[in-house]
Number of protein chains: 4
Amino acid sequence: MGIKERKEREKGARREEIINAAERIFFEKGFAPATMDEIAESAELSKGTLYLYYKSKEDLYIAVLLRGSEIMYEMFKKAIATDENPIRHLFNLGEAYFAYFQEQRNYFRMYYFLENPRIHSQVSSEMMEQCELLDTRIWDLVVGIIRRAVEGGLLRDDVDPLEAGVMLWSNSNGLMRLIDRDEWAWTGKHGLNLEAMLRKANKLLVQAMMTEKAKASFDDLVTPARP
Amino acid sequence: MGIKERKEREKGARREEIINAAERIFFEKGFAPATMDEIAESAELSKGTLYLYYKSKEDLYIAVLLRGSEIMYEMFKKAIATDENPIRHLFNLGEAYFAYFQEQRNYFRMYYFLENPRIHSQVSSEMMEQCELLDTRIWDLVVGIIRRAVEGGLLRDDVDPLEAGVMLWSNSNGLMRLIDRDEWAWTGKHGLNLEAMLRKANKLLVQAMMTEKAKASFDDLVTPARP
Amino acid sequence: MGIKERKEREKGARREEIINAAERIFFEKGFAPATMDEIAESAELSKGTLYLYYKSKEDLYIAVLLRGSEIMYEMFKKAIATDENPIRHLFNLGEAYFAYFQEQRNYFRMYYFLENPRIHSQVSSEMMEQCELLDTRIWDLVVGIIRRAVEGGLLRDDVDPLEAGVMLWSNSNGLMRLIDRDEWAWTGKHGLNLEAMLRKANKLLVQAMMTEKAKASFDDLVTPARP
Amino acid sequence: MGIKERKEREKGARREEIINAAERIFFEKGFAPATMDEIAESAELSKGTLYLYYKSKEDLYIAVLLRGSEIMYEMFKKAIATDENPIRHLFNLGEAYFAYFQEQRNYFRMYYFLENPRIHSQVSSEMMEQCELLDTRIWDLVVGIIRRAVEGGLLRDDVDPLEAGVMLWSNSNGLMRLIDRDEWAWTGKHGLNLEAMLRKANKLLVQAMMTEKAKASFDDLVTPARP
DNA sequence: TATGAATGAGCTTTCATTCAT
DNA sequence: GATGAATGAAAGCTCATTCAT
C-alpha cells in the first residue's frame, strides 16, 4: 500500500520540479519569449513529459503564478496573526504586500503580465478554479480585517470593506508598477522616494476613512504592539 | 527651395498614413498579434515601405502611442485653459485623464501593454526621445498646476508638487486598469462602482494635501467657476 | 493442465477486449487520428498492455479488420446455405456483399483505408498470414459457386471462375466506394440511383457470362427458391 | 509594361517549380509522410516561400492533383479527336483512361488517396472550384460521347448517358485499384490477366447497352477507323 | 522612393513505443 | 503479466526583416 503513496509523492515531486524549471525561465524571459524547449531542458526532462503534467504553456504559467499567490497568502496570514487592533493589521497587510512586491518581484511581474488576454483564454478550467479559490481566500482575509475595523468603530461606518480594500490595493499597485518599471527615472532624475510615497498615499487613504475617535489615537493604533 | 519643402510635406503625410493604418491594426489586435503585413495592406503600401519610414514594428507601435500622448496633452491643456483656481484645475486634470481613459481607451491600453519589456528594448532612440519630450511637457503642466496650488496657499507647503502629481496619477492608473480589465467582476459580482471610487480616492488624496484654509472652502474651490 | 487452458482462454479474452476497444476508436476516427492512448483508455488497460498483445498500432488495425472479414465470411456462407442453383447463389453472394457494405460500413471503410501503403508495410507477418487465410477461405467460397455454375452449364465454359469472381467483386467495389464517398453528389445533383446501378452492372456482367440456355431461363434461375 | 508581364510570368514559373517539387515528394511518399521541409528543399526554396504560393500542404497536394486531371483531360480530348463513331470513341476513352492509369500511375494514386477526408476538408475554396471545373469538363466530354451514341442509335435509348459513364468508370476503377495494389498476387499467384479482364468487363457492359443493330456490326464499330 | 518576393528561425503540441518496476 | 511514466522526433505554419530591382 506504500507503493501507491510513494508514486503519488513522486508525481507531486515531479510537478514541483517542472514548476521550478518553468519558474526559472518565466522569471527570466516572461511568457511569450520563454519556450517549452528551454523549460524542458532546465527541468532535465523531455518536452513530452512537460505536457504529461501540464496541459499547455499557459497552464504552466498559471501554475507558477499560483505558487506566488500562495506565498502572498502566507505572508498576509502571518501579517495578521497577532493580537493587534484591526487598523494595525491593515497597515501590516500593506507592509506585507510591499514586502511581497520587493521580495517576490518576479511573481508580482508575472501576475501583471497576465493581463495579456491571450494567456487568460487558454488556461484550463482546473487552473482557473484554483486561481479563483486562492484569490477569494486572499480577499476574504483583507476584507475581514477592514470589516473588523469598521465594526470596532475605527473606520467610519459608511466605509464599504470591499471598496476600501480595492481602493488601497489598486493605489498600491499603481505605485508599485511605477517603482517596478521606472524607479530609476523618478528616483534618479527627480529625487522622488516612491516607496515612501506609497506608504504615505495609503496612510492618507486610511486616515480619510477613520473615525474621528480613531484618528485621535492614530499613533497608538499604528504603533507595533510590542516595540 | 519649394521642392524640398514639398518633399518634406509628402514624407510627413506618408508617415501619417502609415500611423493611421498601424493604429487601426494595433487597436484591433494589440501588439504581438498584429502583423506588418496587415498594417501594410491597411496602409495600401508595401511592407518594404513601412520599413522605409519606421525602423521596426516596435517603433511603429510607439509612434501610435505618441499620438495618444499628444491627444492627452491637448486634453490636459484645455482642462486648465480657464481662469479657475489651481485646485479646480487639479480636479479638471483628473477629469481630463478619466475622459482620456474613457474616450481614448485604445491608447490607454496600448500604453499599458507597453510594459512588455520586449517592446521597450527594441525602440529606437529617436522615438524614445520624442516620448520623453512629450512626457516632460505633460508632467510640467501637471506639476505647474500643483505648484501654483501650493504657492497660492491651497495645498500645504510641505507638498512636493511632483510627488503629489505622481501619487494622484498612479492612484488613478491603479483603478483604471481595474476598470479596464475587470470591471464586470467588481461591478457585477460585488456591486462596486469603480468610477466613483476613483473619484473618491483622488479627492481624499487631494483633501489630505490641502491647507486647513483651503479645506474650509473646499466646495467653493471645486465648484465650476461659472455654471 | 487446466491451468494452461485457463490462461489461454484469458489471454484470448483479453485480446478480444482490446479489439473491441480498438474497433470503437478506429470506427470513430479512422487510422491516423486514433491514438493508442484512446484505445487503452477505452479498453480500460494501460498502453503498455496493448503492446503486450499486439505488436503495433497497425497490427491492431488489421486485427479489427480481420473481424470484419470474419463477419463477411459468415454472411457469405449463410447466403449460399440453401439448396438453390449456383446462379441464384451468385446473386445471393452479391446481395450479401452489398448487405455487408451497408450494415458493416465501418469495416468496409477500414478495409479501403488500408490502401495507405504505410499501414501495409508495418503489419506483422502473423497478421498477414491470418489475413491471407481468411481471404482464401472467402475466395474459395466465391470461386466454388462460380465453378459449380460453369459445371452445371449455367455459365459459359470459357468462363474462368476466379476471373469472373474478381470481375464482379471489383466492379462492386468501384461503385460501392462511389456510394460511400460521393453518393450525395451523384444521387442528389444528378439523380442517379447508384445502388440500382450496382445491381444492374453486376447483372449485366453475369448475364454476359451465362450460357444461352441459362439466359433463356434467367427469371427462373434468379427467383428465390421459396417465396 | 513588359515588366509587369515578366513578373507575372516569373510568378507562374515559380508556382510551377513548387508543384514540380511537391510532385516529386508526394509521388514518393504520399500525403501524410511528405513534409513541407522536404518539398521546400526539393524546390530549393525556403519553407516560407511555399506558403507564399500555396495556402497549405493540402492545397499543394490538390495543385499537383489538378495537373494530373489536366493531363487526363488532354488525353481524353485527343482520344475522341477523330471522326470515328461514338462507340469507337467510347472505347477510345476507356483506352485513354487505362493509358492514364498506366502512364500516370502516380497521379492516379494521388487521386485515390485523396479519399482521406482530412485532406478534403482543408482545401481552399479556390482550389476546390478548379477541381470541380476540371471534373465537370471531363464528365461533360464522357457523357457527350455516350449521348451521341444513344442519339445515333448505337446504344439503347433507355440508356442514361451519365449513368452509363459512371458505371463504366467505377467498374474500371475497381479493377485498376486491384491492379495497382495487388497485381502481383492475382497475376503471379493465380495467373489472371487483370488488364485483359478490365477490357473484357467494360466491353461486356458496353455490349449490354448496345442496340441489336449496333451489336450486329460490333466489329465494324470498334475497329479503328484507319488501320 | 517603392516594391514585394524571399527568407529561415522559431514554436507548441502530439504520439507510438519502450522499459524499469 | 501489467503498468504508466518518459521519451524525442516530427511537423505545419508564421512573420519581422531584408534586398535586388
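**Exercises on a protein–DNA model**

In this predicted model, several helices each supply at least two residues of the surface near DNA strand E: helix 2 (36-43) and helix 3 (47-53) of chain A, helix 3 (47-53) of chain B, helix 3 (47-53) of chain C, and helix 1 (2-29) and helix 3 (47-53) of chain D.

**Exercise 1. Describe the surface near DNA strand E.**

Solution.
Step 1. Count the residues: there are 33 around DNA strand E.
Step 2. Pick out those that come nearest: Y51(A), T49(B), R14(D), T49(D) and Y53(D).
Step 3. Sort the residues of this surface by type, which gives 12 nonpolar, 11 polar and 10 charged.
Step 4. Turn to the DNA side. Of the atoms of DNA strand E within 4 Å of the protein, 60% are sugar or phosphate atoms, and the rest are base atoms.

**Exercise 2. State which part of DNA strand E is approached by M36(A), Y51(A) and G48(B).**

Solution.
Step 1. For M36(A), take a backbone N or O atom; a phosphate oxygen of DNA strand E is 3.0 Å away.
Step 2. For Y51(A), take a side-chain N or O atom; it lies 2.6 Å from a phosphate oxygen of the strand.
Step 3. For G48(B), take a backbone N or O atom; here the partner is a base nitrogen of DNA strand E, at 3.3 Å.
Step 4. Apply the cut-off for a polar contact, a pair of N or O atoms within 3.5 Å. The distances of 3.0 Å for M36(A), 2.6 Å for Y51(A) and 3.3 Å for G48(B) meet it.

**Exercise 3. Work out how chain A and chain B are related.**

Solution.
Step 1. In general, two copies of a chain are related by a rotation about an axis and a shift along it.
Step 2. Laying chain A on chain B takes a turn of 177° and a shift of 0.2 Å along the axis, with an RMSD of 0.6 Å.
Step 3. The two copies are therefore related as by a two-fold rotation axis.
Step 4. Check the interface: 100% of the interface residues of chain A are also interface residues in chain B, so the copies meet through the same surface.

**Exercise 4. Decide whether helix 4 of chain A is largely enclosed or not.**

Solution.
Step 1. Helix 4 of chain A covers residues 57-79, which is 23 residues.
Step 2. From first C-alpha to last, helix 4 reaches 33 Å, close to the expected 33 Å.
Step 3. Of its 23 residues, 18 are buried, so helix 4 of chain A is largely enclosed by the rest of the structure.

Methods. Residues numbered from 1 in each chain as written. Chains lettered and ligands numbered in written order. Predicted model: local features only at pLDDT ≥ 70, side-chain atom pairs only at ≥ 80, totals over all residues. Heavy atoms only, no water. Near = heavy atom within 4 Å. Polar contact = N/O pair within 3.5 Å; in protein donor to acceptor, adjacent residues only side chain to side chain. Helix = DSSP H or I, 4+ residues; strand = E, 2+ residues; numbered from the N terminus. Nonpolar A, V, L, I, M, F, W, Y, C, P; charged D, E, K, R; others polar. Least-squares fit on C-alpha atoms with pLDDT ≥ 70 in both. Contact = heavy atoms within 4.5 Å. Expected span 1.5 Å × (residues − 1). Buried < 20%, exposed > 50% of the residue type's maximum accessible area, 1.4 Å probe, protein only.
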